[in-house]
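Work through the exercises below with the sequence and the model open. Try each task before reading its solution.

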2 protein chains.
Amino acid sequence: MMQDFVIKEIEAAVGRDNVLTRWEERWCYAYDATDLAQAPEAVVFPGSAQEISKVLRLANRHGFAVTPRGAGTGRTGGAVPVAGGVVLVLTRMNRILEINAADMLAVVEPGVITGHLKTAVEEQGLYYPPDPSSADYCTIGGNVAECAGGAVAVQYGVTRDYVLGLTVVLPTGEIIDAGARTMKGVVGYDLTRLFLGSEGTLGVITRIILRLAPKPGARQTLAAAFPNLKAATEAVGLILRAGLAPTALEFMDRATLNCVRQMLPFKVPPQVAALLLLAVDGHRREVAERAAAMARFCREQGARPVMRAKTAPEAESFWRARRAISPALFKVKPQKVSEDVAVPLSAIPELVGRLEQISRHRGLPILCYGHAGDGNIHINVMYDHNIPQEQEAVGPAVKDLFALVRQLKGTLSGEHGVGLTKAPYLGLELSQEAIALQKRIKKAFDPNNIMNPGKIFPGGGS
Amino acid sequence: MMQDFVIKEIEAAVGRDNVLTRWEERWCYAYDATDLAQAPEAVVFPGSAQEISKVLRLANRHGFAVTPRGAGTGRTGGAVPVAGGVVLVLTRMNRILEINAADMLAVVEPGVITGHLKTAVEEQGLYYPPDPSSADYCTIGGNVAECAGGAVAVQYGVTRDYVLGLTVVLPTGEIIDAGARTMKGVVGYDLTRLFLGSEGTLGVITRIILRLAPKPGARQTLAAAFPNLKAATEAVGLILRAGLAPTALEFMDRATLNCVRQMLPFKVPPQVAALLLLAVDGHRREVAERAAAMARFCREQGARPVMRAKTAPEAESFWRARRAISPALFKVKPQKVSEDVAVPLSAIPELVGRLEQISRHRGLPILCYGHAGDGNIHINVMYDHNIPQEQEAVGPAVKDLFALVRQLKGTLSGEHGVGLTKAPYLGLELSQEAIALQKRIKKAFDPNNIMNPGKIFPGGGS
């Protein structure tokens, strides 16, 4: 338990109004988007890197844990303060400090909502591509800490590919700049990318320099319905290798489709087994022809029908349905375990095919959808925690899934990170030597293990 | 000095034929592409990660330095064994282990010549984009260790953007895998990108998994001649912001142009002050129109003439001239200091403009060319080391340059790394706190500082 005088010192550092300690307030910051929760002992809303530095120095002195968070939309428990202590909520630091069209970059604080940034840069004819499904409410700081992806990653890359530089408060309180305002830079170790996806365990990000792209002249959206799973999943690799350069290449299976069917702006025939949702962008003159080529190619792979959004609002309704999938799955069962594994492109058909066996074997519906163009499939094991045999079957089903993914030379997480939920499985992917090295890196940053302890590493990282 | 019994132990680890110790043999591996040199005490050609592991364990036990190298084409002294000990030459490990069209990736050993890999993947309809000017003789392992760039980085990114995973022998001898065979992956800290650009100081890379792109359907090359430097450098940012999406956007000033003038497949009028060399690629149908739009845009910015390569061999002769610049500059003076600074895009005109002042002030020709589309300009301070006042002016000119670059919020190195030559200037870019953190990372990997000591950090890194 944090003693009162420690709370007082924190209040002195950040201002009394920026510290919450009442039970019901603390519980508001106990969660992320998993169903895990643990209340922190205090909730702190810092206003600057300097204030964060003071809090972290106090944490080292008094030995309390600090868990940074943005909007709490994470999928692996990364923002759940399992070691108690302080939750550091970065939503007050939400200024867009600069959008520089001449340098094609933006400088932002971590609490900026990703969607707000996207809108703001588009108003200046620029484009910030990463588009996690939670873009309307997640924060850019969380995106950086988790290395968030999204639907356009297949063309544009993930958050990592847009971060040029960072200001970070180290766990020991020093404030450092990493990276640069330049498109390239190789001076010293790449701390910028080391912080990317480090899940709040190596420091607190307080400023982010983001590379921007030119706003695409036009974009078209298509949906290709396939009569069987195999044809749909095999089409993914064929589309990519053909150089059709999709901007997005998303997949959903029949059960997923059923959950969002009535949101789609077109009728999907009942015999359809899987849907690919595709986009192409580029110069206005080129896009129509590219979309037509993409549609033709999908038909050659057996897709019937292939539907093309005729207007921008119609295209947006395709994508709104796509973004609605995650909550819509609860129509099937009241609980889910959602994994975001990724496999090599050629292994997608086998992955999806063999999930049917796991589903039958474990007696649980398994729904899948996601960023097929990256081999990054969101796999949802659905269950009802009031039905004991379902509750008991979930863990074994997830273990089956991870074993399958590793057999296919895949990774346990394409974009959600390890957090709490995947920490027990880290050894399935990383060797003991690699984990030991990562723990030495953690210690080089955070000798007292105050930053988000309990995450990534099985047993807590120290 | 390494004692004879230590050499014997190394010979037992890698085979006697794979260790060179004669004076003239050792001097063959004393150099890189700078004019720095120091002979190692032994030259070792390992054949496997296991052999490297044995050598590194011996280095820890007996306290000798190990400097890994590929072809020795580095520009900052990174492969020069300033601490003596062993040079580990990775050219025997030169197998392309896999080119997997279905997964769109390749797996290679570090000693593969980059150009050989490019050719091999193109034969399968794929494309490995990074194209350092030394691609015909540099090795992919060196490209990874330095995070090499090249002319197409403006569209395709640098080496970092293509490395999915690595096998690395840690300085302490453990062999670990980092990253994955998947397009995305966020399990644990991003060791892959930490090794990228770490200049051989954190371990020895023995296997590289590379993402491949589809081979572009077509590419066109243009050269736009500008009547003054300002118009040329300002056109760079305008081209990028206009969404013309150049595949390459290279710059050369008048003095550079004079060095390669007769290699160019077209006549450049004498009044031309600067040349932009541009490429566009994409679908066959689209490329001609894009190239025409690019040519139109350059003319609107004042370029006269804008020349378009009519055939692939003609385009290749444009690029051959571009790649020949670095050695051709010796026509001006027998020595040069070549820096590869990068600045924000809007600062290119000021950087290039103010170099003329430094040149006048220091009495030395300064020639610049390079990857303008990334703000990454290669700046060459030319001198004759037999002329004392020129020799003495070089250091101050480089200091002026670095001060200017930092004032423009640029970086000291866009793609060549720090090595030996920039180590004294590290503090101009990184704070003492950031350097201290990087040294703690180095220590977490290499507690006895055996891997390439003396590089990156002023004073040697421990």
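The exercises cover a helix, salt bridges, a charged patch and unusual backbone angles.

This is a predicted model, in which local features need pLDDT of at least 70, side-chain atom pairs count only at pLDDT 80 or more, and totals for chains, interfaces and linings use all residues. Residues are numbered from 1 along each chain as its sequence is written, chains are lettered from A and ligands numbered from 1 in the order in which they are written, and side-chain values use heavy atoms, with hydrogens and water left out.

**Exercise 1. Check the length of helix α3 of chain A against its number of residues.**

Step 1. Helices (H or I, at least four residues) and strands (E, at least two) are DSSP runs, numbered from the N terminus. Helix α3 of chain A covers residues 49-62, which is 14 residues.

Step 2. The expected span is 1.5 Å times one less than the number of residues. For α3(A) this gives 20 Å, and the end C-alpha atoms are 20 Å apart, so the two agree.

Step 3. Buried means under 20% relative accessible area, exposed over 50%, and partly exposed in between (1.4 Å probe, protein chains only). Buried residues of α3(A) include Ile52(A), Val55(A), Leu56(A) and Leu58(A).

Step 4. Gly63(A) follows α3(A) and has a positive phi, near 75°.

**Exercise 2. Describe the salt bridges of Asp190(A) and Glu289(B), and place their partners.**

Step 1. A salt bridge is a side-chain nitrogen of Lys or Arg within 4 Å of a carboxyl oxygen of Asp or Glu. Over all chains, the structure holds 44 of them.

Step 2. Asp190(A) pairs with Arg160(B) at 3.2 Å, N to O. Asp190(A) is in the loop between β9 and α7 of chain A and Arg160(B) in the loop between α6 and β8 of chain B, so this pair joins two chains. Both residues are buried.

Step 3. Glu289(B) pairs with Arg285(A) at 2.2 Å, N to O. This pair also crosses between chains, from helix α10 of chain B to helix α10 of chain A. Glu289(B) is partly exposed at 40% relative accessible area, while Arg285(A) is exposed at 51%.

**Exercise 3. Which residues are linked with Arg290(B) in a network of salt bridges?**

Step 1. Arg290(B) forms a salt bridge with Glu286(B), with 3.4 Å between the closest N and O atoms. The two are four residues apart in helix α10 of chain B, and are therefore separated by about one helical turn. Both are buried.

Step 2. The network links Glu286(A), Arg290(A), Glu286(B) and Arg290(B).

**Exercise 4. Place Arg304(A) and describe its peptide bond to Pro305(A).**

Step 1. Arg304(A) lies in the loop between α10 and β15 of chain A, as does Pro305(A). At 51% relative accessibility, Arg304(A) counts as exposed.

Step 2. The bond joining Arg304(A) and Pro305(A) is cis, with omega about -10°. In chain B, a cis peptide bond joins Arg304(B) and Pro305(B), with omega about -10°.

**Exercise 5. Are Cys147(B) and Ala245(B) buried or partly exposed, and what is the phi of each?**

Step 1. Most residues other than glycine have a negative phi. Cys147(B) has a positive phi of about 55°, and Ala245(B) a positive phi of about 50°.

Step 2. Cys147(B), in the loop between α5 and α6 of chain B, is buried at 2% relative accessibility. Ala245(B), in the loop between α8 and β13 of chain B, is partly exposed at 37%.
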